[in-house]
Structures are given as structure tokens and as C-alpha cells.
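Me: Could you take a close look at one part of this protein for me, a place where two helices meet? I would also be glad to hear about any backbone spots worth a glance.

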Amino acid sequence: MNIGNFVPENNVFLAPMAGVTDKAFRIICKEFGAGLVYTEMVSSKGLYYGSQRTEFMLDIDSREAPAVVQIFGSDADIMGFMAEKISEKEEVAFIDINMGCPAPKIVKNKEGSYLMKEPELAKRIVKRVVEKSKKPVTVKIRKGWDENSVNAVEFAKMLEDCGVSAIAIHGRTRSQMYEGRADWDIIKKVKESVNIPVIGNGDVVTCQDAKRLLEHTNCDAIMIGRGALGNPWIFKKVVTYLKEGIILDDPNPQEKIDFAIRHLEMMYEFKGQRGVIEMRKHIAWYLKGLKNATVIRDMVNRIEAKEEIIKLLESYKGTI
């Protein structure tokens, strides 16, 4: 599978997720076999106007490189300008444009999935980014705005005509947000309608899900998002299952806690105290389903010191 002139290590990717796919999580997922990892969506305007926090989101570690930078925005000129700058970085695999985010604060600015309501604006943005970027350009979309305006197939054809190198599609409408079931049929229809690679996204939480999505849609690759939360080893499991038909065991509870502690250490290394606070949600995901997980999660949420959280987790590890 080629995305422009780029060849990923395999066709099982970590989906971009705001507030989740930061550098630490990307490194861990890459170590577990993700063929490609995506940054959180990065504001083109934030970069343009010099936001240090936004700039920080572009930091890509050698252990995850090359990685995909996903940008969002509604100003074609700013999107193109920033795409050109980002694409000059050696550690960037390619540029992805977010046209799927359903968050109200994004949509109200005519960004993310709102752009599926305005194909002409979307076209101007994509053309400018393709023109300016020195790396391949891809776009992530949804099924449509709602069930009354399902336009993924027409939108995908437009994107192909604009010169994008691949399309990722989440099989839900914007109005669904993340509820209900993902429609894999629309992914299949998009795949049948274009001649560039299509990446399927939605409801892949097991090895079997991954294989079914690939077989049902004939898509070229899959993205795993929420299925990787507290579960980064899903990439190794899926890749192994697709290649060998073997289902690997999950880590045992003690190993899961060890992964959580390592993840916490990395978050502190990269972000300091802010990383410790942000890590709380990850710890809750790692502990999900374990004995007394709710009690430990509540205790973690009241602790601010990294060393105290590690001490609690090490003690908890001896009880399960």
C-alpha cells in the first residue's frame, strides 16, 4: 500500500484523537506495531499565530517517526501555508486534513466535519494544501453531516479530483458523534468509487473486527481509535492475527499496570505536571475491568504527585 510516495510499515494505523494521541501514546502504539501513527488534530491558525502549545503538538520523536500530522482549519491560505511548513520536516510522513471532527467548538468555526456541508470551501482548502505541501496529502471524513445528507461518496470523488493521495472515512455521521454503530457499507461504497487508497475507521475493538472490516469493505488499511484506549497492544494483536491467524493473549493485570506506569513516566518527561494530570484518563482506561478498578481510579484522580501515583499503582499490583 502506497500513500503517494510513502509506504507505511503495515496497514493498521492509530487514528488521530484529540487529547489522546500525543507523543507518549504514539510512541507506545508504534512500539506495539502500529503501522502509522497520527498526531492530535493541530490548529492551522494556532500554528500561524505562534501558539507555543499548538507548536508543541508537532513534536515527533524518532521512536514514532515518520508520523502523520493532522491539521484543521477553514482558511485555505493559512492551511496551505502551514502545510508547506510542516511538510518540510523530515519526520513527517504526510499531511492529513481533518474534515471529520464532530466537536461543537470545531464545527461552529466551519472546521472539521462542518466542511462536509460546504464542499466548495472544502475543495478550496484541499487544493491549496495539495499545491503547497511537499509531502502527500490525505483527508479524513465522515459518512456525512446526518442521515439526510450522506455525501461521503461524492465528497471522496471530489477529494480524489483535488489530488489527495488517500482518504480515511469514519462510518458515522456528524450527528451520531460516536454513538450507534459505524456504517461499514459506506466505507465499501467510498472504496468502490475512487482509485486511491481508502482507510476504514469505526468500531474496530478486536482482531476479528479488523479482519471483518477489511473483508467487508475491501479497504486498504484500517484505523483504530477508541479500541486502543488503555489497550495499545491491540496493534500487535491485530497485525499478528491478520498475518498469521493467531490471537495473542492480552497482557496480565500486572503487566497492564506496568504499562500504565511507563506511560505515566513518559507523560511526565514530555509534559511535566500537566502530563500527570492528563494521564489520569489513561490510567482509568488501563485499569478498566480489573478488580477494584473504580476505587483505584478515584484515588488516582485525587493525587497530583507522579511518585505517589506510582506508589499506589505498585501497591495495587500486588493485590490482583
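Reply: Happy to help; here is the helix pair, followed by some loop residues. A quick note on the ground rules: this is a predicted model, in which local features need pLDDT of at least 70 and side-chain atom pairs count only at pLDDT 80 or more, while totals for chains, interfaces and linings use all residues. Residues are numbered from 1 along each chain as its sequence is written, and side-chain values use heavy atoms, with hydrogens and water left out.

Let's begin with helix α11 (residues 253-271) and helix α12 (residues 273-287), which pack at an angle of about 160° with their axes 8 Å apart. Here helices (H or I, at least four residues) and strands (E, at least two) are DSSP runs, numbered from the N terminus. The axes are lines fitted to C-alpha atoms, for helices over the stretch in contact, and angles run from 0 to 180 degrees between N-to-C directions. α11 and α12 are therefore roughly antiparallel to each other, a term for angles over 145 degrees. The crossing of α11 past α12 is right-handed, meaning that the near helix is turned clockwise from the far one by less than a right angle.

On the α11 side, the residues making the contact include Phe 259, His 263 and Met 267, and on the α12 side they include Arg 274, Met 279 and Tyr 286. Contact means heavy atoms within 4.5 Å. Sorted by class, the contact of α11 with α12 has ten nonpolar, four polar and four charged residues. In this scheme Ala, Val, Leu, Ile, Met, Phe, Trp, Tyr, Cys and Pro count as nonpolar, Asp, Glu, Lys and Arg as charged, and the others, Gly among them, as polar.

Now for the backbone. In the loop between α3 (52-56) and β4 (67-72) you will find Pro 66, and the peptide bond leading to Pro 66 from Ala 65 is cis, with omega near -5°.

Met 177, in the loop between β7 (166-173) and α8 (184-193), has a positive phi of about 55° although it is not a glycine. Met 177 is partly exposed, with a relative accessible area of 28%; buried means under 20%, exposed over 50% and partly exposed in between (1.4 Å probe, protein chains only). Asn 218, also not a glycine, has a positive phi of about 60°. Asn 218 sits in the loop between α9 (207-217) and β9 (221-224) and is exposed, at 56% relative accessible area.

Technical notes
Parallel < 35°, antiparallel > 145°, perpendicular 65-115°, else oblique.
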